[in-house]
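Q: Please take a close look at a single helix of this model. After that, add a helix pair elsewhere in the chain.

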Amino acid sequence: MDYEEDEGKAGIRQRGGCWCSKNDFIPEESFQSCGNYVKALEAIPVRLMDRVVTRSLESAELEIKGRSEHEMKKSLNWWDLMWFGVGVVVGAGIFVLTGLEAREHAGPAVVLSYTVSGISALLSVFCYTEFAVEIPVAGGSFAYLRVELGEFVAFIAAGNILLEYVIGCAAVARSWTSYFATLCNHKPDDFRIHAHHLADGYNHLDPIAVAVVITICIIAVLSTKGSSRLNYVASIVHVVLILFIVVAGLVKADAKNFTPFAPNGPRGVFQASAVVFFAYSGFDAVSTLAEETKNPARDIPIGLVGSMVIIITVYCLLALTLCLMQPFNMLDPDAAFSVAFQAVGLDWAKYVVSAGALTGMTVALLVAAVGQARYLTHIARTHMMPPWFARVNAKTRTPVNATVCMMCATATVAFFTKLDILSKLLSISSLFIFMLVALALLVRRYYVSGVTTVADRNKLIACLLLILGSSIATATYWGLGNSGWSGYCITLPIWLIGTLGLRVFVPPAREAKLWGVPLVPWLPSASIAINIFLVGSIDGASFIRFGMWTAFLLLYYFLFGLHASYDTAKEYEGQLRVKSNDAGIEGGNNAHLST
């Protein structure tokens with residue numbers, strides 16, 4: 001038995017027949033005939049302008065939950081969210097990228113790299129937290145951007161959000177294989193199949209990663225609360241094992257290994273920061289659980305901010321321990337911690353380290369599987385993706401269709417693609433999204449349609465352009481390899497003028513109702529600047545891949561997503577007008593009766 005929305009109503013009616021039909025994927029008017037589709041394509045300029053300038057309403061984001069047929073169960077509290085945060089973030093990044101980036105770029109100063117990336121991530125967490133409290137839906141940053149920056153920007157972000165999750169989970173799954181091989185006394189790459197006829201970087205096939213992803217998918221579709229219980233038990237075990245790594249590693253520490261501290265100078269530190277930011281990605285998955293949180297105003301700030309503080313502390317301790325155990329140029333790029341313990345004579349400890357790494361990666365995969373499905377569910381509720389993905393299963397109260405689809409994509413990427421390619425592309429996508437969320441927060445605080453005057457709106461736009469322009473110029477100057485300070489003496493004061501102008505000359509249009517980011521506009525403006533700066537430290541090949549993915553997103557949007565969301569939005573507006581007219585008629589009748 002299947003379901004579909006009853007036309008013109010928010011309710012649901014049963015529909016017999018096959019499980020899937022054309023209307024499950026493209027039910028909109030533009031796709032009902034070839035003639036309709038041709039007319040829709042001809043109207044692309046008009047429709048695109050409408051979608052660019054139209055911002056969604058918070059009430060609309062909350063109402064479209066009804067398009068999932070069943071509501072998700074509110075079963076999570078701050079304790080669940082905190083361990084979800086620790087679980088999803090403390091995964092492959094710290095165990096794999098620390099050795100790789102210390103060896104290739106930062107040396108022992110990789111500790112500073114984690115600190116810089118951690119500060120950037122913490123600033124983004126503050127921005128996410130305010131949105132998640134004010135708009136507690138499964139859409140996360142996609143919903144926030146739809147409300148503040150409009151649908152078109154939200155869609156580009158949505159595509160990168162989905163890419164971020166697929167790449168992140170694929171990277172973790174491949175790292176799982178490496179540490180599992182180490183646990184079995186094999187080299188990290190021994191369990192992969194070498195297909196020499198495939199392109200370099202895509203020719204180390206990983207069937208174990210695929211099996212792990214399938215197992216995680218099954219757990220994720222069964223129950224959110226069950227996933228949460230498994231997550232925080234495994235996360236606690238993981239934290240205990242991390243403490244063991246730190247204590248046992250520091251016993252074998254040698255301060256001589258900290259010399260030279262930064263062999264490639266500040267450039268090496270920031271190049272590593274851009275890559276190890278991958279280790280912090282995933283915390284946005286926790287914001288997608290707002291719809292399933294019992295008390296969002298209390299639980300989300302504690303869960304999100306608390307988990308990030310724990311994560312930054314853990315990462316810096318682990319990086320410090322690793323670099324004190326072994327010279328940075330001797331660190332293994334695939335399984336650094338296990339090999340380091342073996343190098344200092346603690347062969348038995350490598351098994352504990354590998355087990356701890358596997359536990360962390362398993363938890364990270366589980367939480368990411370839960371989060372990415374919620375993103376796709378909310379995107380599909382807007383019909384920018386087929387509404388079939390928005391369905392919530394009646395029995396499990398989880399988005400089964402979205403979960404299975406995303407994990408299939410993850411398994412495919414994990415089967416072929418090496419970790420270094422995945423980590424750099426993931427960092428660009430994550431930093432881009434976090435920058436947009438910080439920008440959206442500034443728009444939210446300083447612009448409200450019908451309240452903000454034209455003069456204040458223009459001042460807001462000018463200040464935002466100064467902040468964005470100076471941040472991009474700073475990142476470009478850095479990325480081009482300029483060693484002088486003259487460029488920064490121009491770009492940084494411009495950023496300061498833009499932020500100060502926003503603080504002094506643009507009156508706030510809205511205050512946070514339940515929980516607000518402190519130090520606005522300084523904190524979100526700093527988040528924008530740091531995120532863009534880190535992007536400037538990533539290699540050119542990753543930008544090419546990012547551009548190719550963005551081009552694909554635009555093609556999909558112009559051919560399908562634009563028309564589906566346009567038809568859905570116009571239908572929703574028509575329903576609102578009907579309700580308004582009905583309310584007016586009812587009010588008139590009541591007034592007539594009272595006279």
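A: Start with burial. In helix α16, 28 of the 33 residues are buried, so the rest of the structure largely encloses this helix. Bear in mind that the model is predicted.

Next, length. Helix α16 covers residues 349-381. At 1.5 Å a residue, its 33 residues should span 48 Å. The C-alpha atoms at its ends lie 48 Å apart, which agrees with that expectation.

Now one residue within the helix. Serine 354 sits in α16. Its relative accessible area is 0%; buried means under 20%, so serine 354 counts as buried. What does serine 354 touch, leaving aside its neighbours within four places in sequence? Its contacts are Tyr179, Thr182, Leu183 and Ser338.

Then the end of the helix. Histidine 383 comes just after α16 and adopts a positive phi of about 70°.

Now the helix pair. Two packed helices are described by the distance between their axes and the angle between them. Helix α7 spans residues 110-134, and helix α12 spans residues 265-276. Their axes come within 8 Å and cross at roughly 55°. That angle makes α7 oblique to α12. The crossing of the two is right-handed. From α7, the contact draws on Leu112, Ser113, Tyr114, Val116 and Ser117. From α12, it draws on Val269, Phe270, Ala272, Ser273 and Val276. By class, the residues of this α7 and α12 contact are seven nonpolar, three polar and no charged.

Terms used:
Residues numbered from 1 in each chain as written. Predicted model: local features only at pLDDT ≥ 70, side-chain atom pairs only at ≥ 80, totals over all residues. Heavy atoms only, no water. Helix = DSSP H or I, 4+ residues; strand = E, 2+ residues; numbered from the N terminus. Expected span 1.5 Å × (residues − 1). Buried < 20%, exposed > 50% of the residue type's maximum accessible area, 1.4 Å probe, protein only. Axes fitted to C-alpha atoms, helices over the stretch in contact; angles between N-to-C directions. Parallel < 35°, antiparallel > 145°, perpendicular 65-115°, else oblique. Left-handed = near helix turned anticlockwise from the far one by under 90°. Contact = heavy atoms within 4.5 Å. Nonpolar A, V, L, I, M, F, W, Y, C, P; charged D, E, K, R; others polar.
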